[in-house]
Amino acid sequence: MSRSEMMNDYSMHTATCGELRAADDGREVVLTGWAWHNRDHGGLIFIDLRDRTGYTQIVVDPDCVSADEFAVAEHIGREYVLKISGTVRLRDKDAVNPDMATGEIEVLASGLEVLNESVTPPFSIEDGIETDETTRMKWRYLDLRRPEMYSNIELRHRVMQSMRRALDERGFIEVETPILANSTPEGARDYIVPSRPNPGKFYALPQSPQQFKQMLMAGGIERYFQIARCFRDEDLRADRQPEFTQVDIEMSFVTEDDVIDMMEGVFKEVFNAVGLDLEIPLQRMPYAEAMARYGNDRPDVRFGMELHDITDIVRDSGFKVFSSVAQSGGIVKAINAKGAGDWSRGDVEKLAAIAEANGAKGMAWIAFTTSGEEKSPIIKFFTDEEFAALKEAMDVEPGDLVLFAADKPEVANAVLSALRLHMADALDVPREGHSLLWIVDFPMFKYDEDEKKYAAEHHPFTHPTLEDIDNMESDPLSVGSYAYDIVMDGYEMGGGSIRIHNADEQRRVLRVLGLTDEEIDDKFGHLLNALSLGTPPHGGIALGLDRLVMLLAGKDSIRDVIAFPKTSSAADPMTGAPSAVTARQLKEVDLRLL
């Protein structure tokens, strides 16, 4: 039985609204769906009946239905739920709608039944509406009726099913891990849940199944995956939600290359399942190269405008902002925004707000107009030789705008990375198709200036590179790791690593992060116990399912590919969550509000 036949294997309808074609001429059908549009054309009533597969034009002729049914048809409103019996017939040639999949036919109704009425909807159930997002989320079940929203949810389904098939074919088994767990430091705040049987103690909702999947490797599962719900109490944005879904994968007896090679095969199958091709093997770019060329570790490589280090050119220049940074161990970098050279000075100087938001104290620039004029308050500080070298390094042509950042490497990179993305949007730089690549060779540690201590670049269970492991205590920032991210269209779509499988090495890493032995035993004793009992070498990856589907759907927010998302303030306008609880509920878990 075909998919279409299975969809119609119900007593209430014999066809869907999107499937009928000219070949069905004369077929007796029963359709069910919503009244999308209806029109009274002088004695004939036309209804566009919609379900999730599309819509079909229904013709209600008073000579073909009862008087009562025709009277009902005259008063049908938008989103009424209908059951229509009738005969498929070809439309007149001048009435064919080429923009409609079922545009060659219509159904002449012989019976009409209203299954449910509807009040006037708060917004139109069609694509391209301008209704604000909060309103759409308050009436989410109506929003989901819109074809583009249904398409997003169906795309998500196809991605999930293709992931499951691909992993099952590779010997993975799906295992569920706990939602109520212990609190561990993983980079974001935990959502905590009070335990009624254990007054004063709390569960934490998992930020990821990281420790549990390592326990599964200790348990000999060897190849595990899970489409896992995860929770992080962090500031939200277009690609973040308080609860999100990741495809969680772990494997035993593998190297970094094994994980990457296996995942590329999975990605190819997923892309094929949604009608796209993916060329493998994918590019592998070292972390240091990504930072140098793009200023971040999730580069969108579909366009250029790369960062250039011009520190040596300006080291001895008369522009003290540049020379002082260059001579004190900082860097001076620049990007060339081709096509912006004729922007007004006011428009260019507005870009300083972006630079300052990313840590800069200001922003220098030079405009090379299409008329050949060179504009900037800093040109006078360069010698002819320095200016010529700068133009050569930046591949300057008439019509270019060069933007600079001078600071510590992390600040200069962050500033120009943000400006690069902003200018690509402002100049409508083409970014066609999808581009996937691996970022590899991550450092093991970074220094947290706010906390004044070392932190893990990925997470504390990542294995340091063997050649650097003896430097962990003496020079943590020199230590590399077996970590890797998969980047898609400028987003981190997933990240993974080879894990530490030795208890002593894990304890050393946690000590470098500032934990005492007592804290290590309290928070990670269960993991260290497992690692001391013959845990095999293992590694894996976690993919952000919401982000992947968002990118495949061509959307700007993961809220468009999640059935029931939260707002940027982590609220649900439809249900009213989060909401207050009663004094009795608080008492039961031994809590009171201050």
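These are my notebook entries on strands, a pocket and nonpolar cores in a predicted model.

**Entry 1: the strands around β1**

I began with β1, which covers residues 28-41. On one side of my search was β4 (residues 81-90), and I found that β1 and β4 pair in the antiparallel sense over seven bridges. For a marker in this pairing I noted Glu28, which stands opposite Thr87 in β4.

Next I looked up β2, residues 44-51. It pairs with β1, again in the antiparallel sense, over seven bridges. Here my marker is His37, whose bridge partner in β2 is Asp48. I then checked the link between β1 and β2: they form a hairpin with two residues between them. Gly42 sits in that turn, and I wrote down its positive phi of about 55°.

**Entry 2: the open sheet**

Which order do the strands of the five-stranded open sheet follow? I read it as β12-β13-β16-β14-β15, with antiparallel pairing. The edges are β12 (308-309) and β15 (374-375); each has a single partner strand, so one side of each is left without a neighbour in the sheet.

I took a look at the β12 edge too. Two bridges join β12 to β13 (residues 331-338), and these strands run antiparallel. His308 has Ala334 in β13 as its bridge partner.

**Entry 3: the second largest pocket**

I moved on to the second largest pocket, which holds about 540 Å³ of space. Its lining counts 17 residues, and the closest to the pocket centre are Ile192, Pro194, Pro578, Ser579 and Val581. Strand β7 (residues 192-194) supplies the largest share of the lining, three residues. I sorted the lining by type and got 12 nonpolar, two polar and three charged residues.

**Entry 4: the nonpolar cores**

Which members of the largest nonpolar core touch the most other members? Out of 43 residues, my list reads Val159, Ile249, Met263, Phe267 and Trp438. Helix α7 (residues 256-273) gives the most to this core, with eight residues.

I could not resist following Trp438 further. Leaving out residues up to four places away in sequence, I found that Trp438 touches Ile260, Met263, Glu264 and Phe267, among others. Its contacts also include Leu282, Gln283, Arg284 and Met285. Tyr484, Asp485, Ile486 and Ile541 are on the Trp438 list as well.

My last item is a second, separate core of 27 residues. Among its members I noted Ile331, Met363, Val411 and Val415.

Key
Residues are numbered from 1 along each chain as its sequence is written. This is a predicted model: local features need pLDDT of at least 70, side-chain atom pairs count only at pLDDT 80 or more; totals for chains, interfaces and linings use all residues. Side-chain values use heavy atoms; hydrogens and water are left out. Two strands pair if DSSP finds at least two bridges between them. Helices (H or I, at least four residues) and strands (E, at least two) are DSSP runs, numbered from the N terminus. On a 1 Å grid over the protein atoms alone, a cavity is a set of points where a 1.4 Å probe fits but cannot get out, and a pocket is an open set with protein on both sides within 12 Å along at least five of seven lines; lining residues have an atom within 4 Å of a point. Grid points are joined across faces, edges and corners, and a volume is the space filled by probe spheres set on the points. Ala, Val, Leu, Ile, Met, Phe, Trp, Tyr, Cys and Pro count as nonpolar, Asp, Glu, Lys and Arg as charged, and the others, Gly among them, as polar. A nonpolar core is a set of buried Ala, Val, Leu, Ile, Met, Phe, Trp, Tyr and Cys residues joined through side-chain atoms within 4.5 Å. Buried means under 20% relative accessible area, exposed over 50%, partly exposed in between (1.4 Å probe, protein chains only). Contact means heavy atoms within 4.5 Å.
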